[in-house]
Amino acid sequence: GLLASADAAGLQLALHAIGDAAVDQVATTLTSASRPPGARKVRIEHAQVVAESTLAKLAKLEVLCATQPLHELDDVKFAASRLGKSRAAWGYRAATLAAVCPVSVGSDAPISRSDPWAMWTHLVARTDGRDTEKMTAGAAWDALMMDPLRGRPHTIAAGAPADLVLWSARPE
C-alpha cells in the first residue's frame with residue numbers, strides 16, 4: 001500500500017491523525033506493517049490526544065509525533081465538553097509523548113500563531129496547571145529543533161543549514 005510505496009521510494013509518510021481513535025488506528029496499522037531497515041519514521045501530525053494504551057504501541061514504533069502546543073491554549077475552552085473529561089486528560093501531553101517517541105512541535109500556522117517563544121514557554125511553564133507535562137528547557141528546545149524527517153533535533157554548527165530565531169532574552 002501507501003506505506004510500502006513511500007518506504008520503497010525513501011520517503012516519509014506523514015499522517016494527519018487528530019484524536020485518540022485516529023492516533024490509535026495509525027499505531028495499530030504500523031504495528032502490523034513490515035518495514036525495511038532504515039525506513040523513515042512515520043510522522044503523526046496532530047498527535048494531541050493520545051490514549052494511555054496507545055502510548056505503549058508508539059514506544060515500539062519508528063514514529064515521530066508532531067504536536068502544536070498553542071492549540072491547547074485555543075482548545076481549552078471546549079476540549080472537555082467535546083472529548084469528555086477522561087479523554088481531555090489525554091490531550092496536549094508533549095512531555096509524555098517525548099518519553100515514548102521523538103516529538104516535534106510547531107504552530108500549524110495560520111491556524112494558530114507561529115511564535116516559537118510562546119510554544120517554548122508553554123511547554124516549560126505549563127501555566128495550565130498540568131505540572132506533570134512540564135518539559136525541561138532542553139527537552140522543549142529539542143522539540144522545537146526536531147528534524148521531522150530524521151526524528152532527531154537539528155544541531156547548530158558552522159556550515160549546517162539552519163533557520164534561526166534570535167530572542168532578546170535568555171530562555172530560563
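**A covered strand and a helix beside it**

Both faces of strand 3 are covered: on one side V63, C65 and T67 are buried, and on the other side L64 and A66 are buried too. This is a predicted model, and strand 3 is a convenient place to begin reading it. The strand spans residues 63-67, and 5 of its 5 residues are buried, where buried means under 20% relative accessible area.

Next come the strands paired with strand 3. Strand 2, made of residues 42-45, runs parallel to strand 3 and is joined to it by 4 bridges. Within this pairing, E45 stands opposite A66 of strand 3. Strand 4 also runs parallel to strand 3, and 3 bridges join the two. Here A66 appears again, with S104 in strand 4 as its bridge partner. A66 can therefore serve as a landmark when tracing the pairing, because it stands opposite E45 and has S104 as its bridge partner in strand 4.

The path from strand 2 to strand 3 includes a helix. Strand 2, helix 3 (residues 52-59) and strand 3 make a β-α-β unit, and this unit is right-handed.

Now turn to helix 8, which covers residues 116-125. Which of its residues are buried? They are A118, M119, W120, H122, L123 and V124. What covers these buried residues includes three helices and a strand: helix 4 (69-75), helix 7 (94-98), helix 9 (137-144) and strand 4 (103-105). Strand 4 thus links the two parts of this account: it is joined to strand 3 by bridges, and it is among the elements covering helix 8's buried residues.

After helix 8 comes R126, which has a positive phi, near 40°.

Technical notes:
Residues are numbered from 1 along each chain as its sequence is written. This is a predicted model: local features need pLDDT of at least 70, side-chain atom pairs count only at pLDDT 80 or more; totals for chains, interfaces and linings use all residues. Side-chain values use heavy atoms; hydrogens and water are left out. Buried means under 20% relative accessible area, exposed over 50%, partly exposed in between (1.4 Å probe, protein chains only). Contact means heavy atoms within 4.5 Å. A crossover is right-handed if, with the strands pointing away from the viewer, the path from the first strand over the helix to the second runs clockwise.
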